[in-house]
Amino acid sequence: MNKNYYAILMAGGVGSRFWPVSTQDFPKQFHDMLGTGDTLIQKTFNRLANVIPKENIFILTNERYNDLVFEQLPEVTKRQVVLEPAMRNTAPCILYAALKIQKENKDAVMIVAPSDHWIEDETAFTNNVQQAFNFCTENDALMTLGIQPTFPNTGYGYIEFNQSNASDIKPVNQFREKPDYETAKQFIAKGNFLWNAGIFMWSVSSVVNAYKKNQSNLYQLFAKGIEMYNTDLEDEFIRDNYSKAENISVDYAIMESSKNVFVLPATFDWNDLGTWGSLYDKLDKDENNNAVVHAKTLTEDASGNMIRTKNDKVVVVDGLQDYIIVDKDEVLLIFPKAKEQDIKKVLQNVKAKYGEEYG
């Protein structure tokens with residue numbers, strides 16, 4: 001294992017579209033969403049450990065999930081868990097973690113990876129990460145892995161790359177916002193557009209310089225704490241200063257405004273597991289095309305449903321097509337798959353009517 005390789009495993013999100021399983025107190029990355037025996041954060045940690053020393057995988061999460069991290073990843077140490085005292089999107093936390101890593105190892109090359117993605121071909125993932133690390137070691141580059149689009153998805157941002165470049169790693173022309181359906185079809189027809197999966201690679205020196213150049217206020221805020229990082233004084237500094245950071249994504253903060261951005265079209269399969277529908281797509285189906293996690297089912301005239309309960313609960317479904325059926329403690333969700341994007345809004349309505357403890 002190369003001791004200069006590091007990872008930031010992003011594990012602070014709530015995943016509200018997976019309600020009622022995913023809640024603020026116990027979000028989706030800490031659940032075994034696919035019934036494999038491992039939670040999403042455990043799968044991601046082990047995938048990264050194929051190329052990165054385990055002690056160099058940092059978990060970036062919210063303070064409230066500190067105990068969950070140590071329960072599910074008992075091999076990590078306090079040094080590896082980077083806690084956000086406030087929610088400030090991805091740019092501040094990535095800069096904070098990068099400065100900590102740079103202080104520890106100025107030659108570090110790192111990957112930023114979400115904790116809740118599903119990747120089956122881990123060998124291809126490892127090969128792509130290694131290829132990107134080699135490039136970032138030799139070049140001043142901000143890199144991302146782009147996913148080959150399989151249909152005109154309107155739920156992802158897109159990366160437009162320079163088609164004239166013959167190498168595997170392509171210069172990025174621009175990042176594009178989530179398109180409407182017709183625009184997404186045009187993107188795919190052009191052949192030089194990839195889905196933006198939010199997986200980034202760079203040397204610590206390249207990413208810190210990008211913040212210095214493009215986000216000077218944010219850089220100055222966190223640079224004030226460099227002497228305190230990786231010491232007993234770090235927690236107090238972060239508690240006093242983190243909430244002052246601008247709420248901004250790393251895409252807006254540095255990627256879209258930098259000139260040294262490159263993309264490697266990924267060779268692995270990928271699913272961001274953002275909704276019950278995306279989970280349904282990844283699961284094996286029964287003879288009626290129902291996807292079932294943990295439940296025992298008896299179905300009649302029921303197809304295309306996503307069914308999830310606690311272990312071995314018997315679920316009888318008759319006359320229902322393309323529904324999400326999720327049973328979790330005090331909440332039962334029966335909801336059309338076609339309206340899954342509205343689950344976030346439903347959650348807010350439930351909390352408003354019955355109390356925060358339901359979300």
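Me: Which residues of β4 point one way, and which the other way?
Reply: Val109, Ile111 and Ala113 point one way from β4, while Met110, Val112 and Pro114 point the other way, and all of them are buried. Bear in mind that this is a predicted model.

Me: What makes β4 count as mostly covered?
Reply: Buried means under 20% relative accessible area. In β4, which spans residues 109–114, 6 of its 6 residues are buried, and that earns the strand its "mostly covered" label.

Me: How do you know that β1 and β4 pair, and in what sense?
Reply: Two strands pair if at least two bridges are found between them. β1 (residues 5–10) and β4 have 6 bridges, so they count as a pair. The sense is parallel. One spot to look at is Leu9, which stands opposite Ala113 in β4.

Me: And what makes β4 and β8 a pair?
Reply: Apply the cut-off of at least two bridges again. β4 is joined to β8 (residues 193–203) by 4 bridges, so this is a pair too. Here the strands run antiparallel. Val112 stands opposite Phe200 in β8.

Me: Why is α3 called oblique to α6?
Reply: Two packed helices are described by the angle between their axes and the distance between the axes. For α3 (residues 90–104) and α6 (residues 204–214), the angle is about 135 degrees and the axes are 10 Å apart. Oblique is what remains once angles under 35, over 145 and from 65 to 115 degrees are taken out. A value of about 135 degrees falls in none of those ranges, so α3 is oblique to α6. Their crossing is left-handed.

Me: Which residues make the contact of α3 with α6?
Reply: On α3 they are Ala91, Ile94, Leu95, Ala98, Leu99, Ile101 and Gln102. On α6 they are Val204, Ser205, Val207, Val208 and Tyr211. Sorted by class, that gives 10 nonpolar, 2 polar and no charged residues.

Me: Which residues of α6 are buried, and what covers them?
Reply: The buried ones are Val204, Ser206, Val207, Val208, Ala210 and Tyr211. Their cover includes α3, β4, β5 (142–147), β8, α7 and α9 (250–255).

Me: Why is α3 called oblique to α7?
Reply: α3 and α7 pack at about 45 degrees, with axes 10 Å apart. Roughly parallel needs an angle under 35 degrees, and roughly perpendicular starts at 65. About 45 degrees meets neither condition, so α3 is oblique to α7. This crossing is right-handed.

Me: What does the contact of α3 with α7 have by class?
Reply: There are 9 nonpolar residues, no polar ones and no charged ones. α3 supplies Ala91, Pro92, Leu95, Tyr96 and Leu99. From α7 come Leu218, Tyr219, Phe222 and Ala223.

Me: Which residues of α7 are buried, and what do they pack against?
Reply: In α7 (residues 216–223), Leu218, Tyr219, Leu221, Phe222 and Ala223 are buried. The buried residues of α7 pack against α3, α6 and α8 (234–241).

Me: What makes β10 and β15 edge strands?
Reply: The open sheet has 4 strands in the order β10-β12-β14-β15, with mixed pairing. β10 (291–293) and β15 (331–336) each have a single partner strand, so one side of each has no neighbour in the sheet. Neighbouring strands of this sheet are turned by 10 degrees against each other on average, ignoring direction. The partner of β10 is β12 (residues 306–308), paired in the parallel sense over 3 bridges. Within that pair, Ile307 is the bridge partner of Val292.

Me: Why is Asn230 called partly exposed?
Reply: Partly exposed lies between the buried cut-off of 20% and the exposed cut-off of 50%. Asn230 has a relative accessible area of 37%, so "partly exposed" fits. Asn230 sits in the loop between α7 and α8. Its phi is positive, about 65 degrees, although it is not a glycine.

Me: And why is Asp312 called partly exposed?
Reply: Exposed means over 50%. Asp312 has a relative accessible area of 49%, so it counts as partly exposed. The loop between β12 and β13 (314–318) holds Asp312. Phi of Asp312 is positive as well, near 65 degrees, in a residue other than glycine.

Conventions
Residues numbered from 1 in each chain as written. Predicted model: local features only at pLDDT ≥ 70, side-chain atom pairs only at ≥ 80, totals over all residues. Heavy atoms only, no water. Axes fitted to C-alpha atoms, helices over the stretch in contact; angles between N-to-C directions. Helix = DSSP H or I, 4+ residues; strand = E, 2+ residues; numbered from the N terminus. Left-handed = near helix turned anticlockwise from the far one by under 90°. Contact = heavy atoms within 4.5 Å. Nonpolar A, V, L, I, M, F, W, Y, C, P; charged D, E, K, R; others polar. Buried < 20%, exposed > 50% of the residue type's maximum accessible area, 1.4 Å probe, protein only.
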